[in-house]
Amino acid sequence: MRRTGLAPDKVVFVVVLKACASLAALEQGKQLHSDIFKRGFQSDVIVGSTLVDMYAKCGCTDDARELFNNMSERNVVSWNAMIGGYAQNGLGKEALALYEQMKQEGVQPNIVTFTIVLSACASLAALEQGKQLHFDIIKRGFQPDVIVGSTLVDMYAKCGCIEDARELFNSMSKRDVVSWSAMIAGYAQNGLGKEALALYEQMKQEGVQPDIVTFTSVLSACASLAALEQGKQLHFDIIKRGFQLDVIVGSTLVDMYAKCGCIEDARELFNNMSERNVVSWTAMIAGYAQNGLGKEALALYEQMKQEGVQPNNITFTCILSACAHSRLVDEGRYVFDSMCKDHDVSPTKEHYACMVDLLARAGCWADAELFINKMPIQPDSVVWMSLLGAARNHGHLEIGRRAFDLVVKLDPKNAAPYVLLSNIYAAAGRKDELAKIRNEMKDAGVKKMPGCSWIEVDKQVHAFVVGDATHPQSKEILAELDRLAGLMKEAGYIPDLSFVLDNVEDEEKEKALCKHSEKLALAFGLISTPPGTTIRIKKNLRVCGDCHNATKIISKIVRREIIVMDANISHHFKDGFCSCRDYW
């Protein structure tokens, strides 16, 4: 157009600025800004607002704010552009502060404003501000709007108020695929995978067609439950709808297969992706880490760099975790050092916690404590929990107690440190200390999260909690456990009573061990599936040492592969051995 000699007007500049924003084409955007200034269009409120939006979407929030501040006239679109810029760049606090300033200056928010600010509240889990926005939305009569309603559902879900989100979702007079996806994602993000899958089925029954966002959320729910059969059905539906080429969907499929213990399927899918970005590579590396394949994770990391893909902070967390679970101490040190030197990624608290875990898990106590002392940031509860967890693995009383005191000081309502220290005392036969720590836990009002395990049979997910007797087939499950108990003892199994912290007789402790959630799920899987079928179990906590030893023996007795995906790692049990080599 310019070569033909036609002079662009304000409309042309607005359209082309939007194109620059959509492509994050900053240099072309700057050139347009110069042309706009030369032609005297900068003072136009629409052009100025679009410039603010372009700079923000290119990640230049400071430039966007300077431009916004210098605008001679600002309307609600201008304010939305700047507030949205902050929200899109992860600056939720700044977005909320600017919204307050907007109200003080008497500018009336519109539907777009509310959706942007609600998203900022969701990113910060700022529930009280989100509730106030909800009140303002009702006052202005915007609640019936399907976009506002969907964003409110998302906000409540991301603030952990899943019941409020569902109540709001149910009350919506009109719901589209965005509304359904927001609610499904809310369930998945809050660890309620069964509810996410049930809602997805309801969505299909009501004739609402899923989109890419829906599929990614439902795949995440399948991954969280190790619901492989339903994940495979979703994969088929994705292919049918032509979404398999989308890089986000492909990456989520890789993640789902890896978290279901199908690491070879995940890799095949990864290899066949037509487009791969840092998320795809990180998903595959995370899959290797989750399945205890540290060397494979490192090899893929090297391939990633060779192909010119820049790893991000999440990639490094996954690599360091892989090293920690595979006792690759030197490799982990190298990766941590190169993260800063070669990739300009500043270590976060997650990276520091991974390094402490790596060193302590390998028994390098002096190195671990020296590393903590040299950290440029104050160690948080996650770092000390890493040290405490390793102390539990090695039965190190002194370090365990010291780490426990620091965790409890930083995170007083967390039950995990009490459980880990109790395990250390129980394993060491320190009954007095064990009783004392139980009393401390009781006095602090801290309650242990119950163990819960899930197993998928015939595309239905069954959940079990410790001591569960509510399942319709409880009698058959307990009978199978009794049958296995006899065979296990013949094979040399000795129950590890240190994993029962209640002050009861040994016989009662044995019974309690038998009813751990993963054993109940395993027994159900054995009576509900044909011989030779692989059994997949997902657990919300770390699998205990007794269940780990028992499952090894059971895998040999029943001649099946048993995969237990716990909070730390996936254990592949086969022929009496575990893939983690008892290092988890």
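This is a short walk through three parts of the structure shown above: a helix near the start of the numbering, a covered helix, and a set of paired strands. Before I begin, please keep in mind that what we are looking at is a predicted model.

Let me start with helix α1, which covers residues 10–23 and includes valine 16. Together with Val11 and Val15, Val16 makes a nonpolar patch of about 250 Å² on the surface. Is valine 16 itself buried, exposed, or partly exposed? Its relative accessible area is 35%, and because that value falls between the 20% limit for buried and the 50% limit for exposed, valine 16 is described as partly exposed.

I turn next to helix α5, residues 76–88, whose 13 residues reach 18 Å from the first C-alpha to the last, which is close to the 18 Å expected at 1.5 Å a residue. Ten of those 13 residues are buried, so α5 is largely enclosed by the rest of the structure. Among the buried ones are Trp79, Met82, Ile83 and Tyr86, and the list also includes Gly84 and Gly85. Which elements provide the cover? Those that cover the buried residues of α5 include α3 (45–57), α4 (61–69), α6 (92–104) and α7 (111–124).

The last part concerns the strands, and here I will build outward from β5, residues 570–574, which is mostly covered, with four of its five residues buried. On one side of the pairing, β5 is joined to strand β4, residues 562–565, in the antiparallel sense over four bridges, and the two strands form a hairpin with four residues between them. Within that pair, isoleucine 562 has phenylalanine 573 of β5 as its bridge partner.

Strand β5 also runs antiparallel to β6, residues 577–578, to which it is joined by two bridges, and there lysine 574 stands opposite phenylalanine 577. The hairpin of β5 and β6 has two residues between the strands, and in it aspartate 575 takes a positive phi near 55°.

To finish, I would like to look at one residue of β5, namely serine 570. Why does serine 570 count as buried? Its relative accessibility is 1%, and because buried means under 20%, serine 570 falls within that class. Leaving aside residues up to four places away in sequence, serine 570 touches Val564 and Met565, as well as Gln290, Asn291 and Ser579; of these, Val564 and Met565 lie in the residue range of β4.

Definitions and conventions: Residues numbered from 1 in each chain as written. Predicted model: local features only at pLDDT ≥ 70, side-chain atom pairs only at ≥ 80, totals over all residues. Heavy atoms only, no water. Patch = residues over 30% accessible without salt bridge, like charges linked within 9 Å, V, L, I, M, F, W, Y side chains within 5 Å. Areas by Shrake-Rupley, 256 points an atom, 1.4 Å probe, with all protein chains shown as cover. Salt bridge = Lys/Arg side-chain N within 4 Å of Asp/Glu carboxyl O. Buried < 20%, exposed > 50% of the residue type's maximum accessible area, 1.4 Å probe, protein only. Pairing = 2+ DSSP bridges. Contact = heavy atoms within 4.5 Å. Expected span 1.5 Å × (residues − 1).
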